[in-house]
Amino acid sequence: MNIQTSRRGFLTGLIVAVALPRLARAEGRAGYFNELPAGDSEWAPNAFIRVAPDNTVTVLIKHIEFGQGPYTGLTTLVAEEMDADWGQMRAAAAPADAEKYANLAFGMQGTGGSTAMANSFMQMRKAGAAARAMLVAAAAQKFGVSPDQITIEKGVLRAGDQSASFGELAEAAASQTAPEDPPVKDPADFRLIGTDLPKVDTKAKTDGQAQFSLDVYRDGMLTAVVAHPPKFGATVAGFDDSAATQVAGVRKVVQIPQGVAVLADNTFAALKGRAALKVDWDDSAAETRSSEQMVQEWTAAAQATGNSTKDWEIEASGDVDQALADADVLEATYVFPYLAHTPMEPLDGVLELREGEAEVWMGSQMQTRDAATVSQVLGMDNVRLHTMLAGGSFGRRAQPDSHFAAELAAVAKANGPGAVKLMWTREDDVKGGYYRPLTVHNLKGAIGADGKLTAWDHGIAAQSVVAGTPFEPMLQGGPDFTAFEGASELRYATPNHRLRWSQMDSPVPTLWWRSVGHSHTGFAVECFIDELLEKAGQDPIEGRLALLGDDHPREKAVLQRAAEMAQMSGDYGYGVAVVKSFDTYVAQIAEVEDRGGVPHMRRVWCAVDCGIAVNPNVIRAQMEGGIGYGLSAVLYSEITLEEGGLIRQANWDGYPIMRIPQMPAVEVAIIPSAEPPTGVGEPGTPPIGPAVANAWRRMTGTALRRLPIIPVPVA
């Protein structure tokens, strides 16, 4: 079976055309960040923009903000087309409303896959252009001139010696007809796009004005924590809450589908009550294999010597077996552990249940799914969801099964009328599953005497993130492309190529992790091609450029730019990797020092082509953050199942993240481009792991084929 699939092809099948609403007033309060005044004092030219009498312009952002920058980037697009002053711009979360605020790549409201800028680029520019046209028409009437005599600069409309601000014209602009398809600026006329504008949410996050789910308190609110099964797939057989209910402040102990919930007056009492619970768990359907046992099974499947749940041949060309039989073959197996996301803010949310209605405050990454899940669990249609700022995600809040929303709703339903805050601790987060899947890659390949890649055979074994979730029908019976994206459509030219994916089974719940499949396929592909080039005596940069040929000019451009930036000497190890992910091209060169037999990071040179650079400062920050996040994973991070299925790690002491003294100096170059903008939240992560591994191997002769590089002992 030959399956041809790609991220773009997959998403294209899900696209729902959402037209720019005409004169659609965005309803409801827009979250609890930069909260908008009540009433009808603002002018709403469309669902995305509000202009207040005080001359502030608030942009309603349909994507959650958890540090990746959509509040700033999408506000920039509107400000650009309106010719606004940056100082008058504000941002707020849009209401949960899939009809108005759908992600055009998904067909529902949600954030992920580095699609926020890509799907909103023209939509937000058109929204700003429509508002501008209506303001110009209002000014022309007020000044008694033709519209073509109106100029706008920094939020002020002028004609001769007459002038007016947006706020002064808002009432008159509201009576104008919104244009159906307003023209947008020529890029040559951009004033804000492409500049280092300060982020709109920095001040509020610095001085404490910004509101997260943790900051929401309702009258009479109880705090809940849940005792989850210690083994994945286990269920509650029975429990004794006699000691828990004696804890001061504990109000209720209830069983829910996810475990046993303790509700109390505050977090301390809830945690103390949970610790006093005695729960009997039914492990009959639980995962009891250790990580080592699973690695052995996964490895056999990746090598095509074992039986998986389902085997897929994703791509095949030429005669791979014959080409390998005729060549000097290199074979390598790469092992990637389960990984937790560990965002700074663990999962939390508030639900207030009233007669016939519910109101929810949470850092929802998939508003449409989360709101529908709450509605289903509660058995009511009137559910109002506020999208809160979130302290990171890295994929953790992008839940196909909306399991946190379901747990919050289950606790609220069991509690009855009133408000409940559900809290996950760091230990709940680390031990709670929804990890990046444990994955094994097996590769065989050869480079001929002419320097060309003669054969490439690639087997991958991993669980599916989508299978068994409400998103599974979107696969239409095909494979989960997120398990092998980045390994498919191999960029290095070869006449003989095969890619297989073995879909493995386990009760361990898995989830998309920053850069999804590219987080491991980028490592395997870039390490293996580097080993092949070294075996053939070729330079890692020139060899890649030759194999990329003329069909991949953007990969070649970032690779060449990174090479120009790098200041390489003979004292350290240097490794290179280039990965295209989410339609963004990133090349990185890592400088590594050997300190007592372990790698120490010194410098990273990074070149990125993400199309039009809307805010270079945000792009650089996302590349730096992605590099730090990727380094944490490849150097230290793993989730380990002990014999019997218990999770070994519990907090950052056993699952460490990169600290400031460990972080290398990072230099980022952004390739000038006129192409449509693509994502930057995830593409900085995939290249750093293979760049480090390649540097270490070329310096020491030791290939790093099992992550993490420096396993952390856990007491």
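**Figure 1. A look inside the second largest cavity of this predicted model.** The space enclosed here comes to about 90 Å³. Its lining is made of 16 residues, and those nearest the centre are P437, V465, T482, V516 and H520. Two elements to look for are β20 (453-463) and α13 (518-535), each of which supplies at least two residues of the lining. Sorted by class, the residues around this second largest cavity are eight nonpolar, six polar and two charged.

**Figure 2. V516, a lining residue with an unusual backbone angle to inspect.** While you are at the second largest cavity, pause at V516, which is among the residues nearest its centre. V516 is not a glycine, yet its phi is positive, at about 50°. You will find V516 in the loop between β21 (497-504) and α13. With a relative accessible area of 12%, V516 is buried.

**Figure 3. The largest cavity and the residues around it.** The model holds six cavities of 30 Å³ or more. The largest of them takes up about 110 Å³. It has 14 lining residues, with R436, S519, G630, A633 and V634 closest to the centre. Helix α16 (residues 616-635) is the biggest contributor to this lining, giving three residues. Eight nonpolar, five polar and one charged residues make up the lining of the largest cavity.

**Figure 4. Two separate nonpolar cores.** As a bit of background, nonpolar side chains in soluble globular proteins tend to be buried together. The largest nonpolar core of this model has 67 residues. Good places to start in this close-up are Y334, L453, W456, Y492 and L631, which touch the most other members. Helix α13 provides the largest share of this core, with eight residues. Another core, of 55 residues, lies apart from it and includes F121, M134, L192 and A210.

**Figure 5. F404 and W424, an edge-to-face aromatic pair.** Across the whole structure there are 12 aromatic pairs. In the one shown here, the ring centres of F404 and W424 are 6.4 Å apart and the planes make an angle of 70°, an edge-to-face arrangement. F404 belongs to helix α11 (residues 403-415), while W424 sits in the loop between β18 (418-423) and α12 (426-431), so the pair ties together parts that are 20 residues apart in sequence. Both F404 and W424 are buried.

**Figure 6. F484 and W501, a tilted aromatic pair.** Here the centre-to-centre distance is 6.0 Å, and the planes of F484 and W501 are 55° apart. Because F484 lies in the loop between β20 and β21 and W501 in strand β21, this pair ties together parts that are 17 residues apart in sequence. F484 is buried, with 0% relative accessibility. W501 is likewise buried at 0%.

**Figure 7. A cluster of three aromatic residues, F232, Y338 and Y435.** Ring pairs join F232, Y338 and Y435 into this cluster. To see how they connect, follow the ring pairs that link these residues.

**Figure 8. Cysteines without a disulfide partner.** The count of disulfides in this model is zero. C527 takes part in no disulfide, and the nearest cysteine sulfur, in C606, is 17 Å away. C527 is buried, its relative accessible area being 2%. For C606, the closest cysteine sulfur is that of C610, and at 10 Å it is too far for a bond, since a disulfide needs the two sulfur atoms within 2.5 Å. C606 is also buried, at 0% relative accessibility.

**Figure 9. K154, a positive phi in an exposed loop residue.** Like a glycine might, but without being one, K154 has a positive phi, of about 50°. The loop that holds K154 runs between β5 (151-153) and β6 (156-159). K154 is exposed, and its relative accessible area is 57%.

**Figure 10. The cis peptide bond between L707 and P708.** If you check the backbone here, omega for the bond joining L707 and P708 is about 0°, which is the cis form. P708 is found in the segment after α17 (688-700).

Key
Residues numbered from 1 in each chain as written. Predicted model: local features only at pLDDT ≥ 70, side-chain atom pairs only at ≥ 80, totals over all residues. Heavy atoms only, no water. Buried < 20%, exposed > 50% of the residue type's maximum accessible area, 1.4 Å probe, protein only. 1 Å grid on protein atoms, 1.4 Å probe; cavity = no way out; pocket = protein on both sides within 12 Å on 5 of 7 lines; lining within 4 Å. Points joined across faces, edges and corners; volume = space filled by probe spheres on them. Helix = DSSP H or I, 4+ residues; strand = E, 2+ residues; numbered from the N terminus. Nonpolar A, V, L, I, M, F, W, Y, C, P; charged D, E, K, R; others polar. Core = buried A, V, L, I, M, F, W, Y, C linked by side-chain atoms within 4.5 Å. Phe/Tyr/Trp six-rings, centres within 6.5 Å; stacked < 30°, edge-to-face > 60°.
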